[in-house]
Amino acid sequence: MKRVFVTRRLPEPVEARFARSFDTVWNVDDRRLSPADVAAACEGMDGLVINASERLDAAAVTGLPASLKAVATYSVGHEHLDLNALQARGIPVVYTPDVLSATVADDAMLLMLGAARRAREGQALIVEGRWTGWGPRQLIGTEVTGKRLGIFGMGRIGREIARRARAFDMEIGYHNRRPLEPEAGLFFADEGAFLARTDILVIAAPASPETRHWLNAERIARLPKGALAVNIARGSLVDDEALIAAVESGHLAGAGLDVFDGEPNIHPGYLRADRIYVQPHIGSSTMETRLAMAERAITGLEALFQGRDPPNRLV
Ligand code: 8YV
């Protein structure tokens, strides 16, 4: 059996699945690993299963042992890996696309509705024992049905979000590098026009140096007053100061965030801004999806070990 190091503890059935295919070595106490720690833990391993919570930068790639033949990232995002450095060392990489699109899209709807219907404030009112009874002025939210949805990054997850939003009679618009088939929704090549017609913005684009702080003060100002912003991609796409200021000033009615820049050390403004519905990066956290992600990672690694070229190969 090939020896594989896994950087995080996974749900029990997922660990059991890995153990059926590999001689698996776990990060037993699930401590946070630095890039150098990851490289050191790969000593004597044939494979590495990494998560989006660890980074493999160029220096760490240099430090990977000669025994390491393949890497799988247990994620669809791969900005935490220096793919050029891995490719230069001849270490192939697989990832886990497709299988989490539906569950992340479900979560985008939850974030959208949570922000629109002020879920954080409503929860707090009840669990903090402050609710004094029904009132017609209580927690007036924003209607989601029939609104203009704007998806930044119409990839696999974006399409699943659009599919769900159609059931809410939403008008689908998107901003992408290139237009898709007409049924995908209204394509906006012009970013300004896209933002100006968007009532509910959903960020579903990958993290990259180009998308860093994409949602900044200038772009937020182009959204109509009372718009909502949702992020299910990566925290780095949002300028936290600008978003918090826009929600606190009332320009945005609210926001729904599953991901944060520098998580878990999030901007302190998120602790007080109760119109921002927050979640601790759980967009893909369902058992069904965790198992499906494992299947993709395992079959990808097996193919690489056998010298085959799996469809979910990145480099
Ligand atoms: C995962 C994610 O839970 O797949 C991704 O890119 O952001 C999450 O859904 C996590 O990254 C697992 O490594």
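How many of the 5 residues of strand β6 (residues 148-152) are buried? In this predicted model, 4 of the 5 are buried, so strand β6 is largely enclosed by the rest of the structure.

Strand β6 pairs with two strands. With strand β7 (residues 171-175) the pairing is parallel and comprises 5 bridges. Within this pair, Ile151 has Tyr174 of β7 as its bridge partner. The connection from β6 to β7 passes through helix α7, and the resulting β-α-β crossover is right-handed. Strand β6 also pairs with strand β9 (residues 200-203), again in the parallel sense, over 4 bridges. Here Leu149 lies opposite Ile200 of β9.

Helix α7 spans residues 156-166 and contains Glu160. The relative accessible area of Glu160 is 19%, and the residue is classed as buried because the cut-off is under 20%. Leaving aside residues up to four places away in sequence, Glu160 is in contact with Ser101, Ala102 and Ala105.

A β-α-β unit is also found at lower residue numbers, formed by strand β1 (residues 3-6), helix α1 (residues 12-21) and strand β2 (residues 23-26). This unit is right-handed. Strands β1 and β2 run parallel and are joined by 4 bridges. In one of these pairings, Val6 has Trp26 of β2 as its bridge partner.

The two faces of strand β2 differ in their surroundings: Thr24 and Trp26 form the covered face, while Asp23 and Val25 form the uncovered one. In a regular strand, side chains alternate between the two faces of the sheet. Trp26 thus appears in two descriptions, as a residue of the covered face of β2 and as the bridge partner of Val6.

The helix of this unit, α1, packs against helix α12 (residues 287-305), with the two axes coming within 9 Å of each other and crossing at roughly 15 degrees. Because angles under 35 degrees count as roughly parallel, α1 and α12 are described as roughly parallel to each other. The crossing of α1 past α12 is right-handed. On the α1 side, the contacts are made by Pro13, Val14, Arg17, Phe18 and Ser21. On the α12 side, they involve Met287, Arg290, Leu291, Ala294, Glu295, Ala297, Ile298 and Glu302. Helix α1 therefore takes part both in the β-α-β unit with β1 and β2 and in the roughly parallel arrangement with α12.

Conventions:
Residues are numbered from 1 along each chain as its sequence is written. This is a predicted model: local features need pLDDT of at least 70, side-chain atom pairs count only at pLDDT 80 or more; totals for chains, interfaces and linings use all residues. Side-chain values use heavy atoms; hydrogens and water are left out. Buried means under 20% relative accessible area, exposed over 50%, partly exposed in between (1.4 Å probe, protein chains only). Two strands pair if DSSP finds at least two bridges between them. A crossover is right-handed if, with the strands pointing away from the viewer, the path from the first strand over the helix to the second runs clockwise. Axes are lines fitted to C-alpha atoms, for helices over the stretch in contact, and angles run from 0 to 180 degrees between N-to-C directions. Angles under 35 degrees count as roughly parallel, over 145 as roughly antiparallel, 65 to 115 as roughly perpendicular and the rest as oblique. A crossing is left-handed if the near helix is turned anticlockwise from the far one by less than a right angle, and right-handed if clockwise. Contact means heavy atoms within 4.5 Å.
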